[in-house]
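Got the viewer open? Let's take a walk through this one, stop by stop, with something to select at each.

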Amino acid sequence: MILIDAFHWIISNPGTFFSAFNRHMLMCAISLGIALVIAIPLGFVVARAPRAAFAAINIAGSLRSIPSLAILSATMPFLGIGLLPSVIALIVLAVPPLLLNTIVGIKEIDPALLDAANGMGMGRRDILWQIEVPLAVPSILAGVRTGAIQVIGGAALASFIGGGGLGDFINAGIAIMNMPRLLVGALPIALLAILAELFFGWLERFFTQRR
């Protein structure tokens, strides 16, 4: 059976497998972390400026329409191959959903609530941390969930530009027509995406209930 053969290959080659797995996780963690640092503060800045929010939403929407492989390929002429161009491309994949959901989360806050906080003498920083951030967290987490899933899947394509990771097994499996080898890469990626969906979905529901 193909699944058993894939499992046996992992058991026989743990060093090779976990090296690729760790590389995949490293790419995902770095790119998602940097995307969070870029997109969430930017979302809070532009959300209250209608023109800036409109421009950010349209730019983010345009970036989301670009295929993952095209983004990865576009980095090669400028950054070559390896980890760096892979991470840059994955950041480009992760920023749009994070930015869009941050803006949506802020814009959905009732302006009357902010006016009331202003009337009570709360400063801009207090309003940000005590009202806007807590109320926007569920929407932001929905963006994190989407971004994480896109990054996990996109990292599989990083193999095409020398980024390594679990995508190497998929490429090798296709090249030599070895389905167990392909599954060695494909199944962990699918499981990681499912785990990200479940975890961030749970966090989103948890913070929604606490609002």
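Start with a surface view and look for the largest pocket, which has a volume of about 160 Å³. Keep in mind as you go that this is a predicted model.

**Stop 1: the pocket lining.** Select Met25, Cys28, Ala29, Leu32, Ala148, Ile152, Leu192, Leu195, Ala196, Phe199 and Phe200, the residues that line the largest pocket. Now colour by element: α2, α7 (124-157) and α9 each give two or more residues to this lining. Which element gives the most to the lining of the largest pocket? That's α9, with five residues. Switch to colouring by residue class, and the lining comes out as eleven nonpolar residues, with no polar and no charged ones.

**Stop 2: the whole chain.** Zoom out and show the cartoon. You should see nine helices and zero strands, so to speak a plain α-α-α-α-α-α-α-α-α when read along the sequence. Along its principal axes, the C-alpha trace spans about 70 × 40 × 25 Å. Of the 211 residues, 43% count as buried. If you turn on contacts, take those with a separation of 6 or more: 76% of them join residues 24 or more positions apart.

**Stop 3: helix α3.** Select residues 50-64, the 15 residues of α3, and put a distance between the end C-alpha atoms. You'll get 21 Å, which agrees with the 21 Å expected at 1.5 Å a residue. Next, pick out the buried residues of α3, which are Ala53, Ala56 and Ala60. Look down the axis: these three cover an arc of only 65°, which puts them on the same side of α3. The general rule behind this is that an α-helix has 3.6 residues a turn, so residues three or four places apart point the same way. What do the buried residues of α3 pack against? Show α2 (14-47) and α5 (83-107), and you have the partners. Then spin the helix round to the face turned away from its buried side, where the exposed residues Pro50, Arg51, Phe54 and Ile59 sit.

**Stop 4: Met177.** Finish in the loop between α8 (167-175) and α9 (179-210), where you'll find Met177. Check its backbone: phi is positive, about 55°, although Met177 is not a glycine. Most residues other than glycine have a negative phi. Is Met177 buried or exposed? Turn the surface back on and it's exposed, with a relative accessible area of 64%.

Key: Residues are numbered from 1 along each chain as its sequence is written. This is a predicted model: local features need pLDDT of at least 70, side-chain atom pairs count only at pLDDT 80 or more; totals for chains, interfaces and linings use all residues. Side-chain values use heavy atoms; hydrogens and water are left out. Helices (H or I, at least four residues) and strands (E, at least two) are DSSP runs, numbered from the N terminus. The expected span of a helix is 1.5 Å times one less than its number of residues. Buried means under 20% relative accessible area, exposed over 50%, partly exposed in between (1.4 Å probe, protein chains only). The arc is that of the directions from the helix axis to the C-beta atoms. Contact means heavy atoms within 4.5 Å. On a 1 Å grid over the protein atoms alone, a cavity is a set of points where a 1.4 Å probe fits but cannot get out, and a pocket is an open set with protein on both sides within 12 Å along at least five of seven lines; lining residues have an atom within 4 Å of a point. Grid points are joined across faces, edges and corners, and a volume is the space filled by probe spheres set on the points. Ala, Val, Leu, Ile, Met, Phe, Trp, Tyr, Cys and Pro count as nonpolar, Asp, Glu, Lys and Arg as charged, and the others, Gly among them, as polar.
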